[in-house]
Amino acid sequence: MPVSVLESTLFKDMFGTAAMRAVFDDAATVRRYVETEVALARVQGRLGVIPAEAARAIEARADAAALDMTLLREETEIVGYPILPLVHQLSRQCGPEGEYLHWGATTQDIMDTATVLQVREALELVDADLAALDAILDNLAREYRDTPMAGRTHLQHALPITFGYKAAIWLLMLRRHRERLAQLRPRVLIGQFGGAAGTLASLGEQGLTVHGALMDELGLGAAPVTWHVARDGLAETVQFLALVCGSLGKIAVDIMLMMTNELGEAFEPFVKGRGASSTMPQKRNPISCELMWAASKTVRQHAGLALDAMLQDFERATGPWHIEWSAVPEAFVLTAGSLRQARFMLGGLEVDTARMARNLDLSGGLIVAEAVMMGLAPHIGRQTAHDVVYDACREAATSRRRLADVLREDARVAQRLGADQIERLCDPAHYLGAAPRMVDRMRAHLNPGAA
């Protein structure tokens with residue numbers, strides 16, 4: 001019975017995706033081990049390091065699907081690592097030519113390279129999800145470019161913004177993550193082949209040649225020196241995933257708050273029964289947002305684990321490497337789950353523009369007190385204008401009257417500003433600043449095809 005939500009029959013598709021699990025499950029992991037062993041034999045046969053006939057036999061006979069997984073598990077528990085038991089089984093599959101398997105390699109070479117191959121495949125899934133989310137957020141920013149709503153700081157009304165501006169801020173984060181992903185690939189997608197202590201001593205003068213040929217064969221980059229204990233590449237990958245989940249968590253917090261009955265400005269897509277309560281029929285809980293929020297917290301912990309895994313002793317570590325075995329795949333699965341929830345939630349987001357307008361007017365114009373202050377400042381000075389408008393705001397809030405009505409009754413204001421000017425200054429739709437133009441700039445940034 002699974003003890004993790006990532007493998008639970010009940011929860012696994014809420015917190016992850018089948019596609020990402022398939023990248024890191026046991027069958028995929030063993031396939032990547034075998035792929036690396038076969039590629040090594042292939043290039044060594046081509047270079048004359050091992051007999052060409054042996055390389056051909058290994059390529060033809062090594063079969064990950066035919067491995068005895070029960071035996072592999074039992075022997076892995078004894079050895080502590082799966083590669084020696086794996087090589088034993090593969091050697092038997094390949095017959096006498098199997099003696100040339102794993103030539104000059106060490107366990108960590110095979111496991112690290114397999115992990116990098118999995119990371120490459122996993123990053124492609126993340127990249128596709130980010131691209132899809134980019135399109136969704138770009139569309140939200142475009143559609144609601146000019147839709148006024150209350151901007152909030154410290155959970156209080158601050159100044160008017162537009163919902164498109166809010167979506168553009170989310171889009172900014174997503175596009176920076178796409179840029180980060182492109183930048184980290186060359187640093188992370190680097191294979192491992194160094195032998196026992198990383199020096200390739202067992203291959204003599206051919207060591208570096210085999211190293212380069214193996215990486216070419218697998219389509220991976222080649223580091224100038226072995227990185228057995230230099231784990232920053234994988235650590236960077238998990239930090240990247242934590243950043244993605246952090247941004248998705250921020251979006252989730254915004255939508256969760258906007259879904260409250262008191263605000264009612266935006267909602268997750270309606271699906272009958274989704275977010276329902278067992279006792280309260282009226283409930284419509286923000287399920288996708290809650291899962292995105294949880295992922296942001298959990299992947300953050302994996303990011304810390306990946307940093308801990310960097311603290312490795314000498315040329316081969318005594319244990320920190322093992323931390324990556326859970327931190328890397330789990331972070332990817334959780335990130336995939338959060339991205340899936342975000343695509344569903346934002347792709348079908350229900351936006352109540354009428355409620356946004358009502359909430360914007362909730363304070364009776366207090367939200368544009370800054371606009372009044374700046375309109376009055378040229379006549380009486382900024383600080384004096386601030387104090388005058390501050391007094392008017394206190395009176396409007398206490399008496400629950402419109403700010404414009406209070407201002408018209410204040411001689412210090414009425415002597416300088418006409419009634420129409422006061423009304424215009426107190427209209428939130430006239431104090432959006434550069435928000436709509438920022439939406440345009442964001443949509444054009446890294447997306448030259450945007451309108």
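**Close-up views of a predicted model**

**View 1. Q192 sits in a loop of this predicted model.** The loop runs between α8 and α9 (207-218). Q192 is buried, with a relative accessible area of 2%. Its neighbours come from other parts of the chain. Leaving out residues up to four places away in sequence, Q192 touches Q108, D109, D112, T113, M215, T226, W227, H228 and R231. With W227 there is also a polar link: the backbone nitrogen of W227 lies 3.2 Å from a polar atom of the Q192 side chain. H211 is 19 residues from Q192 along the chain, and their C-alpha atoms are separated by 8.3 Å.

**View 2. T106 lies in the loop between α6 (83-94) and α7 (107-143).** The relative accessible area of T106 is 13%, under the 20% limit, so T106 counts as buried. Beyond its neighbours within four places in sequence, T106 is in contact with G195, A196, H228 and R316. H228 is also among the residues that Q192 touches.

**View 3. Helix α13 spans residues 353-360 and has four named buried residues: R355, M356, N359 and L360.** They fall on the same side of α13, because they cover an arc of only 140° around the axis. An α-helix has 3.6 residues a turn, so residues three or four places apart point the same way. The buried residues pack against three strands, β1 (148-153), β2 (156-162) and β4 (350-351), and against helices α8 (163-188) and α10 (232-258). D352 caps the N-terminal end of α13. A side-chain oxygen of D352 lies 3.2 Å from the backbone nitrogen of A354.

**View 4. Helix α14 holds twelve residues, 369-380.** From first C-alpha to last, α14 reaches 16 Å, close to the 16 Å expected at 1.5 Å a residue. Its buried residues are A369, A371, V372, M373, L376, A377 and I380. Among the elements that cover them are α15 (382-399), α16 (403-408), α17 (411-414) and α18 (419-425). G381 follows α14, and the phi of G381 is positive, near 95°.

**View 5. The domain assignment splits the chain into domain 1 (5-357) and domain 2 (366-426).** Their C-alpha centres lie 55 Å apart. An unreviewed UniProt entry places the feature "domain: Adenylosuccinate lyase C-terminal" at residues 364-443. That span is 70% helix and 0% strand. The end C-alpha atoms of residues 364-443 lie 33 Å apart.

Methods. Residues numbered from 1 in each chain as written. Predicted model: local features only at pLDDT ≥ 70, side-chain atom pairs only at ≥ 80, totals over all residues. Heavy atoms only, no water. UniProt positions renumbered as here; feature names shortened; annotations may be inferred. Helix = DSSP H or I, 4+ residues; strand = E, 2+ residues; numbered from the N terminus. Domains from an automatic or database assignment. Expected span 1.5 Å × (residues − 1). Buried < 20%, exposed > 50% of the residue type's maximum accessible area, 1.4 Å probe, protein only. Contact = heavy atoms within 4.5 Å. Arc of directions from axis to C-beta. Polar contact = N/O pair within 3.5 Å; in protein donor to acceptor, adjacent residues only side chain to side chain.
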